[in-house]
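Please read the following walk through the helices, loops and one strand of this protein with the model open beside the text.

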Amino acid sequence: MTTRADGTALRMLVEERRRKILQMLEEQGSVMVEELAERFSVSSVTVRADLAALERTGRLVRSHGGAVKPQVYDMPLGVKETLHRREKTRIGQAAAKLIRDGETVLLDSGTSTAAIAREVKGLPLRALTVITNALNIAMELAGLRHIRVIMLGGMLREMSYSLVGPHAEQILERFHVDRLFLGVDGVDPEVGLTTPDVLEARLNALMIRVSRQVIVVADSSKFGRRSLSKIADLEAIHKVVTDRKISADMVRALKNANVEVVVV
């Protein structure tokens, strides 16, 4: 039988190990599960539980096979693509199924929206108009006869391959969109939707205003986080598509804001 003293000692052991994980992360910039398991003589399952707990506090971001330091500023698209890949694939598949023939949809820049673009290519649609500010998404859909791609102009953000600024906003103001698929860096019940870049946030807010339905596509790691620039309150969105790791408390907060939650 485990005594209170045993439980306290175990808790202190876990806290000390997690403190050392954060110290290694600060020194190295990234850590790997196998490296940590060997260092602390624990199983990879235990290490993943540690990383999951630390991610929930916003002190690290899990990546393929390990974790990286959280970024106040935006991460390069190539790095983002390695994070939560399976979850983003499922999110892309579920979100793409919401698109109907003949619609005009708006795809924001991001890795989750890029996953939607990859799925759109296989949809049995006769006609679709896609508006986007993302170079990689436009290239993904280029050359498909049944899909008309409209690219917003503007200033190129090299980190995300997205176009932002007054020129993009002036073009977007002229459109009326059936569905917006919006990728964000943070979803917080109190603050709302956030992203690291001020110009991206302004364009995202305009995307919401010109769209009939707003669908946020984000893996569970984005929930409970706050980034630099606010896009909108939760009440501005209609639906969220995310993965199974989202917490019950977060689902409850979204539903209290009248947001439909699709978990895949």
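Just after helix α10, N258 takes a positive phi of about 65°, in a model that is predicted. The phi value of N258 is near 65° in a residue other than glycine, and the place where this happens is the loop between α10 and β15. With a relative accessibility of 69%, N258 counts as exposed, because the cut-off for that class is over 50%.

The helix that precedes this loop, α10, spans residues 248-256, and within it M250, V251 and L254 are buried. Seen down the axis of α10, these buried residues fall within an arc of 100°, so they line one face of the helix. On the other side of α10 the picture is reversed, since A248, D249, K255 and N256 are exposed there. What do the buried residues of α10 pack against? Their partners are strands, namely β10 (186-188), β14 (239-242) and β15 (260-263). The loop that holds N258 therefore runs from α10 to a strand, β15, against which the buried residues of α10 also pack.

A second positive phi can be found after another helix, α2, where S41 takes a value of about 55°. Like the case just described, S41 is not a glycine, and its position is in the loop between α2 and α3 (44-56). Is S41 buried or exposed? At 68% relative accessibility S41 counts as exposed.

Helix α2 itself covers residues 33-40, and its buried residues are V33, L36, A37 and F40. They cover an arc of only 100° around the axis, which puts them on the same side of α2. The face of α2 turned away from that buried side carries E34, E38 and R39, which are exposed.

The buried side of α2 also supplies residues to a helix contact, for V33, L36 and A37 in α2 meet S44, V47, R48 and L51 in α3. By class, this contact of α2 with α3 has five nonpolar, one polar and one charged residues. As for the geometry, α2 and α3 pack at an angle of about 110°, with their axes 9 Å apart. That angle makes α2 roughly perpendicular to α3, because values from 65 to 115 degrees are placed in that class. The crossing in which α2 passes α3 is right-handed.

Another helix pair can be read in the same terms. Helix α5 (residues 85-96) and helix α6 (residues 111-120) pack at an angle of about 55°, and their axes lie 8 Å apart. That makes α5 oblique to α6, and α5 passes α6 in a right-handed crossing. On the side of α5 the contact is made by K88, G92, Q93, A95 and A96, while α6 brings T111, S112, A115, I116, E119 and V120. Sorted by class, the contact of α5 with α6 has five nonpolar, four polar and two charged residues.

From the helices the account turns to a strand. S229 lies in strand β13, which comprises residues 229-232. S229 has a relative accessible area of 6% and is therefore buried, the cut-off for that class being under 20%. Which residues does S229 touch, not counting those up to four places away in sequence? They are L193, T194, T195, P196, D197, V198 and A201. The C-alpha atoms of S229 and L199 are separated by 8.8 Å, although the two residues are 30 residues apart along the chain.

These local views can finally be set against the protein as a whole, which has 10 helices and 15 strands. Of its 264 residues, buried residues make up 52%. Among the contacts in the protein with a separation of 6 or more, residues 24 or more positions apart account for 62%.

Conventions: Residues numbered from 1 in each chain as written. Predicted model: local features only at pLDDT ≥ 70, side-chain atom pairs only at ≥ 80, totals over all residues. Heavy atoms only, no water. Axes fitted to C-alpha atoms, helices over the stretch in contact; angles between N-to-C directions. Helix = DSSP H or I, 4+ residues; strand = E, 2+ residues; numbered from the N terminus. Parallel < 35°, antiparallel > 145°, perpendicular 65-115°, else oblique. Left-handed = near helix turned anticlockwise from the far one by under 90°. Contact = heavy atoms within 4.5 Å. Nonpolar A, V, L, I, M, F, W, Y, C, P; charged D, E, K, R; others polar. Buried < 20%, exposed > 50% of the residue type's maximum accessible area, 1.4 Å probe, protein only. Arc of directions from axis to C-beta.
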